[in-house]
Amino acid sequence: MSERQHVIILGGGITGLAAAFYVQKYAKEIGKPVTFTLLESSSRLGGKIETIKENGFVIERGPDSYLARKTVMTDLAKEVGLEKELVSNETGQAYILHNMRLHPIPEGAVMGVPTKVMPFAFTPLFTIFGKARAGFDLFLPKRSDSSKDVSVGHFFRRRLGDEVVDRLIEPLLSGIYAGKIDQLSLQSTFPQFIETERKHRSLILGMKSSKPKPVKTQKTEKKKGAFLTFKNGLSSFVAALAESLPDESVKMGVKAESVERSEDGTYSVKMDDGSMLSADHVIVTTPYAITKKLFNEKLFPADFHKTKPTSVATVAMEFNADDVSFSLDGTGFVIAKSEKTSITACTWTSRKWPHTTPKGKVLLRCYVGRADDQGIVHESDEVILNKVLDDLKKIMGVDTQPEKYYVSRMIDSMPQYEVGHKEYVKQLRASFEKDLPGVLLAGAPYDGVGLPDCVNSAKKAVESLFTK
């Protein structure tokens, strides 16, 4: 990157904020006068992240945590001074709803792949045939062409059979991608299973051998959960990122309408108020449908993201502890697709994240909206709440109205990574590199939907600018 450079960042969600942070950080480290302007069309930063703090409750309206093993997010939290605010989830039994009964997820199951014989053999979640079919994985050969992308559903059905997929794997994975697993790209979502099959042939044997051996700990030492969040909610992370940026470099309520390349190789971004901004580089973190409107459509592969992002909603409910009796110990449940329920999952938030709930209260968070049935998301708050409470009464025996509730809709928020996704991303970025060098695409439409994936995507985009 040469002297006197300016970068425009489109979008003030987690990807855009991380990109702005890294532009500022790397410019300082290399001693270059690089400036930036972050443009956000709405009146707030953070995108899908929004936390309600009220009467001792910490309630997330969007994502509630991130995978601890993806350390780029933790590293960034440390850099903005929030390391001591990080909190790990409480571990506990999770359940699957099948035939309107809550079944414990078999001990040893890793993303639905069994690694312990006895818990799997004795679970009533599967029939004898289903268990036997899953056992075929021990003898089936690996795929002859592991480089070819296939759907997640196809891959796991071949190895473990339909029952394990429909009753265990699909409910677990649909909570992450809110998509149809028989269309979801394996390469782009769970590439580790490709490597497991290539190396071990059998998923069961491979997952068993790759499980870390239990470390002996003091009896008083608790097992750490797989997820992390912040004591004061994810919005505190957004606030810390925003506070690390110069006020004059962040503009909200300004919507970009087009990005054009000038003859001198710089870029002009036209705003909806008629104003223009010039930059040497542009980092685009907006949703894919918005990004397509900013550039020539010929740059985009015809079938990329042909399926609209899925819309989902969550319902967070506050109860008096005396009004909600838990007959089961655990952190929540997911629901097999065959069940006739409106909800797709329920987190017992006050158990999984005790810091979110004051003493004497219970916080539950339910999810609604499936890839093939999103109508409920567009119903009124009251209709959604009543359907959720009807399900909770049947499943958990909850027979009371919440003291307070929050319905949060995330419309077209979950991009679908269909088979071939990785190749489409490669084609798209090659088109931009050829016709619009210096315009970089980052975020959930391309490199992963989790918060650390978005942060990492932003970091890589900025690093590529500073190494040119």
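The following dialogue walks through the sheets and helix packings of a predicted model.

Student: What should I know about the model and its numbering before starting?
Tutor: This is a predicted model, in which local features need pLDDT of at least 70 and side-chain atom pairs count only at pLDDT 80 or more, while totals for chains, interfaces and linings use all residues. Side-chain values use heavy atoms, with hydrogens and water left out, and residues are numbered along each chain as its sequence is written, from 1.

Student: In which order do the strands of the five-stranded open sheet stand?
Tutor: Helices (H or I, at least four residues) and strands (E, at least two) are DSSP runs numbered from the N terminus, and two strands pair if DSSP finds at least two bridges between them. The edge strands of this sheet are β10 (250-252) and β20 (439-441), each pairing on one side only. The pairing is parallel, and the order is β10-β2-β1-β14-β20.

Student: Which residue of β14 is the bridge partner of Val 7?
Tutor: Strand β1 (residues 5-10) and strand β14 (residues 281-284) run parallel and are joined by four bridges. In β14, the partner of Val 7 is His 281.

Student: At what angle does α1 run to β2?
Tutor: Contact here means heavy atoms within 4.5 Å, and α1 packs on the sheet by touching β1, β2 (34-40) and β14. Axes are lines fitted to C-alpha atoms, for helices over the stretch in contact, and angles run from 0 to 180 degrees between N-to-C directions. Measured against nothing but those directions, helix α16 (residues 451-466) lies across β1, β2, β14 and β20 at about 165° to β14. For α1 and β2, the angle is about 170°.

Student: Which residues does UniProt list as "transmembrane region"?
Tutor: UniProt positions are given in the numbering used here, feature names are shortened, and annotations may be inferred rather than shown by experiment. In the model, the chain over residues 6-23 is 56% helix and 28% strand, with its end C-alpha atoms 10 Å apart. The listing comes from an unreviewed UniProt entry and covers residues 6-23.

Student: Is the packing of α1 against α2 parallel or oblique?
Tutor: Helix α1 (residues 14-30) and α2 pack at an angle of about 60°, with their axes 12 Å apart. Angles under 35 degrees count as roughly parallel, over 145 as roughly antiparallel, 65 to 115 as roughly perpendicular and the rest as oblique. Therefore α1 is, with respect to α2, oblique.

Student: Which residues of α2 meet α10?
Tutor: The axes of helix α2 (residues 72-79) and helix α10 (residues 234-243) come within 10 Å and cross at roughly 55°. On the α10 side, the contact involves Leu 234, Phe 237 and Leu 241. On the α2 side, the residues are Met 73, Leu 76 and Ala 77.

Student: How many nonpolar residues does the contact of α5 with α6 have?
Tutor: Val 152, Phe 156, Arg 157 and Leu 160 in α5 meet Asp 162, Val 164, Val 165, Asp 166, Ile 169 and Leu 173 in α6. Ala, Val, Leu, Ile, Met, Phe, Trp, Tyr, Cys and Pro count as nonpolar, Asp, Glu, Lys and Arg as charged, and the others, Gly among them, as polar. By class, the contact has no polar residues, three charged ones and, as the number asked for, seven nonpolar.

Student: Why is one side of β8 and of β19 left without a neighbour in the sheet?
Tutor: Seven strands form this open sheet in the order β8-β7-β16-β17-β18-β15-β19, with mixed pairing. Because β8 (101-104) and β19 (404-414) stand at the edges, one side of each is left without a neighbour, and each has a single partner strand.

Student: Which residue of β8 stands opposite Leu 97?
Tutor: Strand β7 (residues 94-98) pairs with β8 in the antiparallel sense over four bridges. Opposite Leu 97, in β8, stands Leu 102.

Student: What angle does α6 make with β7?
Tutor: Helix α6 (residues 162-177) packs on the sheet, where it touches β7, β16 (332-335) and β19. Helix α13 (residues 381-396) also packs on the sheet, and its direction makes about 65° with that of β15 (310-320). Between α6 and β7, the angle is about 110°.
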